[in-house]
Amino acid sequence: MEIGLAETIRALRGELAQAMADGEGQPVRLRVESVKLDVQVAVTASAEAQGGVKFWVLTAGGKATEGTTATHTVSLELTAETAEGGTVLTNSGRATPVED
């Protein structure tokens, strides 16, 4: 099963959006400053009509087997923000705020 890098980032974005929605109205929320994503990718070159290079995220235990495939580790540092450019806040999972 091949999972594209864009699909991986799309899934991460969806998880962050769900965490934001879960945090709405909660007494304690967490601010997401940045997200670091380290993935193993297989880079394949295609000789097909459309050609080009594709990045496929390797699943646990996955190995690239084609002769035109190279495996690399890609580290992405992403800054999370809302569509309006605001701060992303998520639910901490606590039912009540901590009192000083």
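So, K36: leaving aside neighbours within four places in sequence, K36 is in contact with L76 and E77. This is a predicted model, by the way, so keep that in mind throughout. K36 sits in strand β3, residues 35–46. Along the chain, K36 and L76 are 40 residues apart, yet their C-alpha atoms are separated by 5.8 Å. Is K36 itself buried or exposed? Exposed, because its relative accessibility comes out at 56%.

Okay, let me step back to the whole chain. We've got one helix and six strands, and from the N terminus on the order reads β-α-β-β-β-β-β. Of the 100 residues, 21% count as buried. How much of the contact map comes from residues 24 or more positions apart? Taking contacts with a separation of 6 or more, such pairs account for 72%. The K36 and L76 pair, 40 residues apart along the chain, is one you can find on screen right now.

Another one for you is at the start of the chain. E2 lies in the segment before β1, which covers 3–4. Go to L58, and you've moved 56 residues in sequence, but C-alpha to C-alpha the two are 7.5 Å apart in space. E2 counts as exposed because its relative accessible area is 53%, and the cut-off is over 50%.

Now the helix. α1 runs over residues 5–23, so to speak, with 19 residues in it. From first C-alpha to last, α1 reaches 27 Å, close to the 27 Å expected at 1.5 Å a residue. Which residues of α1 are buried? L5, T8 and G23. Look down the axis of α1 and those buried residues fall within an arc of 65°, so they line one face of the helix. Turn to the face pointing away from that buried side, and you meet the exposed residues A6, R10 and R13. Then, just after α1, there's G25, with a positive phi of about 80°.

Keep G25 on screen, as it takes us over to strand β6. N91 is in β6, and N91 and G25 are 66 residues apart in sequence but 8.9 Å apart in space, C-alpha to C-alpha. What does N91 touch, not counting residues up to four places away in sequence? The list is A19, D22, G23, Q26, V28, R29 and L30. N91 counts as partly exposed, because its relative accessibility is 25%.

Then look at T90, which also lies in β6, residues 88–91. T90 is buried, because its relative accessible area is 8% and the cut-off is under 20%. With neighbours within four places in sequence left aside, T90 is in contact with L16, A19, M20, G23, V28, R29, L30 and V32. G23 is on that list, and G23 is one of the buried residues of α1. G23 turns up for N91 as well.

Last stop, the largest pocket. Its volume is about 270 Å³. Who gives the most to the lining? That's α1, with six residues. The lining is made up of I9, L12, R13, L16, A17, M20, V35, L78, T79, A80, E81 and V88. By class, that's nine nonpolar, one polar and two charged residues.

A few of those names have come up already. R13 lines the pocket, and R13 is also among the exposed residues on the face of α1 turned away from its buried side. L16 and M20 line the pocket too, and both are in contact with T90.

If you want one picture to rotate while we talk, try T90 with its contacts on, L16, A19, M20 and G23 among them, and then switch on the pocket lining, including L16, M20 and V88. Okay, that's me done, over to you.

Terms used
Residues are numbered from 1 along each chain as its sequence is written. This is a predicted model: local features need pLDDT of at least 70, side-chain atom pairs count only at pLDDT 80 or more; totals for chains, interfaces and linings use all residues. Side-chain values use heavy atoms; hydrogens and water are left out. Helices (H or I, at least four residues) and strands (E, at least two) are DSSP runs, numbered from the N terminus. The expected span of a helix is 1.5 Å times one less than its number of residues. Buried means under 20% relative accessible area, exposed over 50%, partly exposed in between (1.4 Å probe, protein chains only). The arc is that of the directions from the helix axis to the C-beta atoms. Contact means heavy atoms within 4.5 Å. On a 1 Å grid over the protein atoms alone, a cavity is a set of points where a 1.4 Å probe fits but cannot get out, and a pocket is an open set with protein on both sides within 12 Å along at least five of seven lines; lining residues have an atom within 4 Å of a point. Grid points are joined across faces, edges and corners, and a volume is the space filled by probe spheres set on the points. Ala, Val, Leu, Ile, Met, Phe, Trp, Tyr, Cys and Pro count as nonpolar, Asp, Glu, Lys and Arg as charged, and the others, Gly among them, as polar.
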